[in-house]
Amino acid sequence: MPAAYERYLVPVVFRPFAKDLTARAAALHPRRILELAAGTGVLTADLLTAAPSAEVTATDLNEAILALGSTRAPGAMWRQADAQRLPFPNGGFDLVVCQFGVMFFSDRIRAFTEVHRVLAPGGRFLFNTWGPLRRHAFEAALQAGLERAFPVDPPRFFQTVPHGCADPAAVAADLEAAGFAVEDGRELTLQGRAESIADLATGYLTGTPVRAAVEERSDGPAVRATVIEEMAARLGPGPVTAPMTAYVFRAAA
């Protein structure tokens with residue numbers, strides 16, 4: 001799953017936002033960076049380039065993803081960690097970053113409180129979350145394909161998890177409950193470019209947790225064919241450029 005995620009999804013969906021978040025991070029001139037939910041290291045690698053004098057510690061809960069990420073961004077220190085129980089001392093970092101990871105925290109306030117704890121006074125927490133599913137053209141088309149392939153009880157992972165944190169006011173309230181002062185929260189729409197909708201669909205169906213739901217419910221190749229057909233009908237077979245909306249937050253400890 002990590003290899004499919006890295007090959008098919010990272011270039012189209014995650015790299016544009018990693019470049020944006022990296023620029024925002026570098027502008028803060030950090031010395032000690034902690035990255036949460038680092039995945040396969042797309043943001044990590046950019047941080048190492050943009051802030052070469054900073055010490056970067058990259059973490060993720062998934063060991064297989066850590067193993068791949070550490071090969072993609074070997075200049076960082078990689079460590080398995082749960083964002084809700086960070087294995088780091090108080091005040092050890094001046095910047096914590098997280099790209100599209102906070103939606104996976106089962107207790108956001110607890111995780112944000114941990115981030116606050118490991119930040120030095122005045123340190124910053126910089127992260128992004130996806131906006132509503134309907135404003136992510138690729139994933140809205142994907143969900144339509146899943147609903148066509150599964151007319152009864154389709155997989156709703158994308159609605160409930162990646163796009164389940166799409167209320168910026170609620171995110172800001174959780175930050176404040178954890179002791180942060182929210183300095184900035186803004187909407188950001190960037191364009192993703194997919195050379196092939198078939199490849200992108202393959203990435204979503206094999207490189208994300210929806211893979212298990214598809215394998216449990218039906219014949220995988222038939223589902224893939226239906227999803228590709230629906231996505232291509234909505235977006236074209238590729239190359240295709242489409243908008244993706246997220247929210248970007250910066251909070252001070």
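## A walk through charges and a pocket

Let us start in helix H4 (residues 108-118), where Glu114 and Arg117 both lie, three residues apart, about one turn of the helix. Helices here are DSSP runs (H or I) of at least four residues and strands (E) are runs of at least two, numbered from the N terminus. The model you are looking at is predicted, so local features need pLDDT of at least 70 and side-chain atom pairs count only at pLDDT 80 or more, while totals for chains, interfaces and linings use all residues. Residues are numbered from 1 along each chain as its sequence is written, and side-chain values use heavy atoms, with hydrogens and water left out.

Glu114 and Arg117 form a salt bridge, with their closest N and O atoms 2.9 Å apart. The term stands for a side-chain nitrogen of Lys or Arg within 4 Å of a carboxyl oxygen of Asp or Glu. Glu114 counts as buried because its relative accessibility is 14%, and Arg117 counts as partly exposed because its value is 25%. Those words follow from relative accessible area: buried is under 20%, exposed is over 50%, and partly exposed is in between, using a 1.4 Å probe and protein chains only. Elsewhere, Arg148, Glu229, Glu230 and Arg234 are joined into one network by salt bridges that share partners. In all, the count comes to 16 salt bridges.

Helix H1 (residues 2-26) offers another pair, Asp20 and Arg24, four residues apart, about one turn of the helix. Their salt bridge brings the closest N and O atoms to 2.8 Å. Asp20 is buried, at 16% relative accessibility, whereas Arg24 is partly exposed, at 24%.

What about Asp94 and Arg31? Their side chains meet in a salt bridge at 3.7 Å, N to O. Asp94 lies in strand E4 (residues 93-99) and Arg31 in the loop between H1 and strand E1 (32-36), so this pair ties together parts that are 63 residues apart in sequence. Asp94 is buried, at 16%, but Arg31 is exposed, at 52%.

Now turn to Asp60, in strand E2 (residues 55-60). Asp60 is buried yet has no salt bridge, and the nearest side chain of opposite charge, Arg85, is 13 Å away. In this tally Lys and Arg are positive and Asp and Glu are negative, with His and the chain ends not counted. The side chain of Asp60 does reach the backbone nitrogen of Asn62, at 2.9 Å. Asn62 sits in the loop between E2 and helix H3 (63-72) and is partly exposed, at 31%. Leaving aside neighbours within four places in sequence, Asp60 is in contact (heavy atoms within 4.5 Å) with several residues, among them Ala37, Ile65 and Arg79.

Asp60 also leads us to the largest pocket: of its 39 lining residues, Ala37, Asp60, Ile65, Phe100 and Phe104 lie nearest its centre. The elements that give two or more residues to this lining are H1, E1, helix H2 (42-50), E2 and helix H6 (157-160). H1 gives the most, with five residues. The volume of the largest pocket is about 820 Å³. A pocket is an open set of points on a 1 Å grid over the protein atoms alone, where a 1.4 Å probe fits and protein lies on both sides within 12 Å along at least five of seven lines; lining residues have an atom within 4 Å of a point. Points are joined across faces, edges and corners, and the volume is the space filled by probe spheres set on them.

Technical notes. A polar contact is a pair of N or O atoms within 3.5 Å; within protein, one must be able to donate a hydrogen and the other to accept it, and residues adjacent in sequence count only if both atoms are side-chain atoms.
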